[in-house]
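Hi,

Here is the structure I promised to pass on. Have a look at it first, and then read my notes below.

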Amino acid sequence: MRSILYYPDINMKDQSWLRNAVLYWDKVSSIVPEEDKTIVLSPEICELMEQDYYRPMYPSSLFASEFLPDFEKEVIERLSAPDRLPDLRSNKLISSAKSASCGTDKLLSDTEYGRYYIHEDKLPWHELPVMLHPEKTNRKLYDFMCERNLLKRDGTGNWYVLDEKTARLYMSLLAKYLAKAESVRTGHFIAVGTDRPVNLSYAYEKESSSPENGSWCLDCVMQNILPTPGKGVPLKKILSFRRRYRDELLQFRQELDSFENSLKTCGDVQEIQRFSESFREKIELETGKLTRIMHQSGMEAVLTTAKSLIELDQSTVPAILSAMAIGSRSRVLSAASYGMIKITAGRLNLRRQRKEILSASGFAYLYHANTKKIISAQS
């Protein structure tokens with residue numbers, strides 16, 4: 001059983017991310033307050049829950065686990081560092097309790113020239129307040145953030161309001177440690193996943209000090225490689241497809257797992273490059289096979305890009321670093337043909353005291369769609 005825990009929100013806004021996760025993971029989860037019955041789940045999540053493909057994960061599972069001290073320590077360390085603190089605008093924190101969540105585009109007011117749209121990335125999210133449910137923190141962290149003026153209560157007193165940057169960092173760390181706690185509790189592998197690149201950088205910070213402090217990891221980007229049902233395809237149809245073509249989907253997933261496991265133990269850069277080229281050829285065939293099956297099923301599909309983080313076996317690190325002479329900096333190790341696969345090495349702070357629960361392959365994932373790579377059922 002393999003699950004992916006989505007963050008930072010409860011409901012998945014990116015429909016491509018959701019459809020990808022439903023197709024390639026056994027279960028999809030997000031972080032939900034356990035005791036608050038007023039939380040509104042999206043129709044998509046409700047449908048997946050009815051079909052037993054969605055499982056909520058409760059923060060209380062982390063707060064009752066052995067991982068709580070590590071979580072508290074990292075939150076306090078990361079928020080205490082001056083260069084990681086947000087540029088607080090206290091008047092905005094107090095005056096509004098609106099969430100910073102939104103769709104991909106925001107509709108502006110009508111003007112005499114017609115309607116205009118603005119992409120969400122062009123809005124100053126770092127200046128907007130974000131809601132945090134009280135069940136997603138504990139007394140120690142609440143007191144710490146209050147003392148630092150990082151957290152306020154909203155007008156009703158039922159929610160906490162944070163600066164967007166603080167909230168993003170906090171939720172990224174909550175997801176990372178909750179996945180660890182649930183992996184140990186259930187005995188199943190649980191990865192964390194998100195639909196925005198910046199969220200991974202918050203959860204797994206780059207280590208820029210002495211080489212001894214960080215773990216060497218591979219950042220593997222596989223562009224336009226995962227056939228994913230389009231936004232207009234009903235979830236019911238995707239679930240039916242998944243049940244019908246389970247063997248084909250498992251074969252595809254096994255190719256991805258095999259590649260990630262091979263990268264983890266590669267002895268040198270040349271071996272990484274060979275594995276990348278070999279995998280590119282294999283996955284091209286698997287991608288084509290799944291695409292044809294989707295066409296036959298009358299489903300529009302979009303090719304999505306996957307980014308995974310893979311910790312290197314420590315015995316392979318010296319040879320790779322020596323060959324590339326990269327010292328403590330990141331460097332591209334492989335870029336397979338057509339730009340489909342790009343692999344970079346870099347050091348991340350993985351808090352190694354809990355390293356034993358990391359997967360043998362990837363432990364964090366990012367999915368997003370390249371909308372120019374649409375494959376229609378009629379093509």
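Let's start at the beginning of the chain. Strand 1 (residues 2–6) pairs with strand 2 in the parallel sense, over four bridges. Within that pairing, Ile4 stands opposite Val28 of strand 2. Add helix 1 (residues 15–24) to these two strands and you get a right-handed β-α-β unit. One thing to keep in mind as you click around: this is a predicted model.

Now zoom in on strand 2, which covers residues 27–30. Are its two faces covered or open? Both are covered: Lys27 and Ser29 on one side are buried, and so are Val28 and Ser30 on the other. Take Ser29, which sits in this strand. Its relative accessibility is 0%, and buried means under 20%, so Ser29 counts as buried. What does Ser29 touch, if you skip the neighbours within four places in sequence? The list is Ile4, Leu5, Tyr6, Met12, Tyr54, Arg55 and Met57.

Stepping back, the protein chain has 12 helices and 13 strands. Of its 379 residues, 52% are buried. If you take the contacts with a separation of 6 or more, 82% of them are between residues 24 or more positions apart.

Next, the cores. In soluble globular proteins, nonpolar side chains tend to be buried together. Here the largest nonpolar core has 55 residues, and Trp25 and Met222 have the most contacts inside it. Leaving out neighbours within four places in sequence, Met222 is in contact with Leu256, Phe259, Phe279, Thr304, Thr305, Ala306, Ser308, Met340 and Ile341. There is also a second, separate core of 44 residues, with Met171, Leu173, Ala179 and Phe363 among them.

Last, the empty spaces. How many cavities of 30 Å³ or more does the structure hold? Three, and the largest has a volume of about 150 Å³. It is lined by 14 residues, and the closest to its centre are Trp25, Leu256, Glu260, Tyr365 and Tyr367. You may recognise two of those names: Trp25 is one of the residues with the most contacts inside the largest core, and Leu256 is in contact with Met222. The elements that give two or more residues to the lining are helix 1, strand 9 (215–229), helix 10 (246–264), strand 10 (301–311) and strand 13 (362–375). Helix 10 gives the most, with four residues.

Have fun exploring!

Conventions. Residues numbered from 1 in each chain as written. Predicted model: local features only at pLDDT ≥ 70, side-chain atom pairs only at ≥ 80, totals over all residues. Heavy atoms only, no water. Core = buried A, V, L, I, M, F, W, Y, C linked by side-chain atoms within 4.5 Å. Buried < 20%, exposed > 50% of the residue type's maximum accessible area, 1.4 Å probe, protein only. Contact = heavy atoms within 4.5 Å. Pairing = 2+ DSSP bridges. Right-handed = clockwise from strand over helix to strand, strands pointing away. 1 Å grid on protein atoms, 1.4 Å probe; cavity = no way out; pocket = protein on both sides within 12 Å on 5 of 7 lines; lining within 4 Å. Points joined across faces, edges and corners; volume = space filled by probe spheres on them.
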